[in-house]
Amino acid sequence: MHLLNLLFRNVLRHKLRSALTIAAVAVAILAFGILRTVVGAWYVGVEASSANRLVTRNAISLIFYLPISYKEKMQTIPGVKNVSYGNWFGGIYIDEKNFFPNFAIEPKGYLELYPELVLKEEDKKAFIKDRKGFIAGKKLVERFGWNIGDTVTLKGTIFQGNWDFILRGIYRGRDKSTDETTFLFHWDYLNERVRKNMPALADHAGYFVIGIKDPSMAAEISRAVDMTFKNSLAETLTETERAFNLSFVAMTEAIVIAIELVSYVVIFIIMAVAANTMAMTARERRAEYAIFKTLGFRGIHIASMIYGESFLITMLGCAIGVAVSYPVANAFSSELGAYFPVFNISGETIFMDVVASVVVALAAGFFPTLRAVKTNIAQGLRSKT
Amino acid sequence: MSEPIVLVKNLLKSYRRGSEIIPVLEDISFAIDRGDFLALMGPSGSGKSTLLNLLAGIDYPDSGEIIVGGIDISALSETQLSMWRALNVGFIFQFYNLIPVLTAFENVELPLLLSPLSRKQRRSHVEAALEIVNLMDRLNHYPSELSGGQQQRVAIARAIVSDPSIIVADEPTGDLDRASAVDILELMSNLNREFSKTIIMVTHDPRAAKRARSIMYLDKGTLKDAPAESAF
Ligand SMILES: Nc1ncnc2c1ncn2[C@@H]1O[C@H](COP(=O)(O)OP(=O)(O)OP(=O)(O)O)[C@@H](O)[C@H]1O
Ligand SMILES: [Mg+2]
């Protein structure tokens, strides 16, 4: 017989109580993990942003455009490697609920600036060659079951009318945080029709992406770019891609903070639940602990019995919670893929799950242990079970 | 019976309930001989259990000395006292106090887990103890699967497994029927005679006390020579 054996038997003593506590911990850890993943998914665009890229937009607002002639001037600014541009297209595929981001881009320069979009060489060539071609992320293609060569029609919102595109390539993300749900097509194709229907908007881009040689020069180059177009018809606002992406997230930051807060509240509640279980258990076993002490067992032994049980229960719950969070995250991902292009349980989240469980186990065992260790034996023996 | 194994001098013990101080043992001095089988008697609330707990080192006196086997145990730290108990004292309680999730074998093995004995050595000690209480056929039974008398025998085996020189018993037959009680008393006499254990037993039962070699009466916290009445 080993004391570890005793731990297991003690946990099995009140099967229902232990099972309910384990289940509660599992649910809490699941909720905690998923909520933290939601927070992470929210910031994924920020995470995926490269330190080597700057984004330039109209200083007044994103809804105003910039002339593409700016590209030439930008390219002459010291420290700038290459420049490309694009427009947020905002097209709808069949129904609004099928939302995914779609952009009109200048293909060659754009793909150079985004090496994290991994594309087969022949697909890349085919895309660049076909004016009506488009490329899309693997997840998006899988979601709608498109095949290379398929014609896909988007309904324009900003740019009215139906727009046909032909799938020429499917890109994969180089990094875990790379968004695989974007739809990219030729800016020229957009511009042609814009010239006919909305001539005032022709030859204008929504934003420029600037590749820089040295990330530490980002602030200087940004200032140089904005200085170049100072006092022109369309003044610019240049910032790092990270800052640019962060400005979108910032709008919803309050929600994210609320979610994060709730995730901690969940842990706090489960702490109370586990502490209650442990307190009940230790109270029932007061006489038993006194017997152990009578036989020569000391405070450290009693403490390991209570903590052992507390850890056994919470860690079992944690393991179940973590195991269940993978299929739940997958279901989440396929249901809400449009809003959360990247929804992965990260290693960090698992680590936080475990840390939270350890904290719960420690907190739950603390007062019962303190009491059991301090109770005088004679006193303990008097408390009949 | 030769030199005393227990020597108590001017023992004082009181309990505190709120602001009220309740004196339980008032200036008690006595000696117990090695190899004695002592019955400690007295009316309910007279302080028998309190005294027994002090002798066995599970409670501290307010003042006075308790010298057991040459050591003043009232001066030991809590940790020292734990180790001392594990080596020197075996405990038998009225309600057996076995651990319900452990089998008879495991309950008896419990005190040995603190010793450096190997698994095999522990097994042979446990079996020897269970042999003495004649329970070898119930090794793997849980307490709930045993009768009261059998449970008390397991408790006795647990008390003797580490071969202590003193066994303390607080009303060991208090919860048993007549036949089982006789059984247990027989077993204890045997431990006293054959294994020369010093036994200190609190009891209300005059028939139990008859088994003892000597009797001590406690009344309202002081020792009495003879029973004032026989209505314990
Ligand atoms: N922890 C305690 N706190 C306060 N008073 C106590 C405590 N333990 C015992 N007492 C009091 O001390 C006195 C002696 O108690 P003790 O248990 O030693 O008596 P006893 O002779 O063993 O009685 P019984 O035959 O009923 O077991 C009683 O009046 C009891 O109420
Ligand atoms: Mg008593």
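A salt bridge here is a side-chain nitrogen of Lys or Arg within 4 Å of a carboxyl oxygen of Asp or Glu. By that rule, 0 salt bridges cross the interface of domain 1 of chain A and domain 2 of chain A. The rule finds 1 salt bridge across the interface of chain A and chain B. This is a predicted model. Ligand 1 sits between chains A and B.

**Domains of chain A**

- Chain A splits into two parts: domain 1 covers 2-44 + 252-382, and domain 2 covers 60-234.
- Domain 1 of chain A is therefore written as two segments, 2-44 and 252-382, while domain 2 of chain A is given as 60-234, with bounds from an automatic or database domain assignment.
- Taken over C-alpha atoms, the centres of domain 1 of chain A and domain 2 of chain A are 48 Å apart.

**Interface between the two domains**

- The contact involves 7 residues of domain 1 of chain A and 8 residues of domain 2 of chain A.
- About 640 Å² is buried between domain 1 of chain A and domain 2 of chain A, with 50% of it on carbon and sulfur atoms.
- On the side of domain 1 of chain A that touches domain 2 of chain A, there are 5 nonpolar and 2 polar residues, and no charged residues.
- The rule also finds 0 residue pairs in polar contact across the interface of domain 1 of chain A and domain 2 of chain A, counting pairs with both residues at pLDDT 80 or more.

**Interface between chains A and B**

- Here 21 residues of chain A are in contact with 27 residues of chain B.
- Chain A and chain B bury about 2200 Å² between them.
- Carbon and sulfur atoms carry 68% of that buried area.
- The salt bridge pairs A:Arg9 with B:Glu106, and their closest N and O atoms are 2.6 Å apart.
- That distance satisfies the salt-bridge rule because the cut-off is 4 Å.
- Across this interface of chain A and chain B, 5 residue pairs are in polar contact, both residues being at pLDDT 80 or more.

**Ligand 1**

- There are 15 residues around ligand 1.
- Those that come nearest are B:Ser44, B:Gly45, B:Lys48, B:Ser49 and B:Thr50.
- A backbone N or O atom of B:Gly45 lies 2.9 Å from an oxygen atom of ligand 1.
- For B:Gly47, a polar backbone atom is 3.0 Å from an oxygen atom of ligand 1.
- For B:Ser46, the distance from a polar backbone atom to an oxygen atom of ligand 1 is 3.3 Å.
- Ligand 1 on its own has 640 Å² of accessible area, and the protein covers 77% of it.

Conventions
Residues numbered from 1 in each chain as written. Chains lettered and ligands numbered in written order. Predicted model: local features only at pLDDT ≥ 70, side-chain atom pairs only at ≥ 80, totals over all residues. Heavy atoms only, no water. Contact = heavy atoms within 4.5 Å. Buried area = accessible area lost by both parts, 1.4 Å probe. Polar contact = N/O pair within 3.5 Å; in protein donor to acceptor, adjacent residues only side chain to side chain. Nonpolar A, V, L, I, M, F, W, Y, C, P; charged D, E, K, R; others polar. Near = heavy atom within 4 Å. Areas by Shrake-Rupley, 256 points an atom, 1.4 Å probe, with all protein chains shown as cover.
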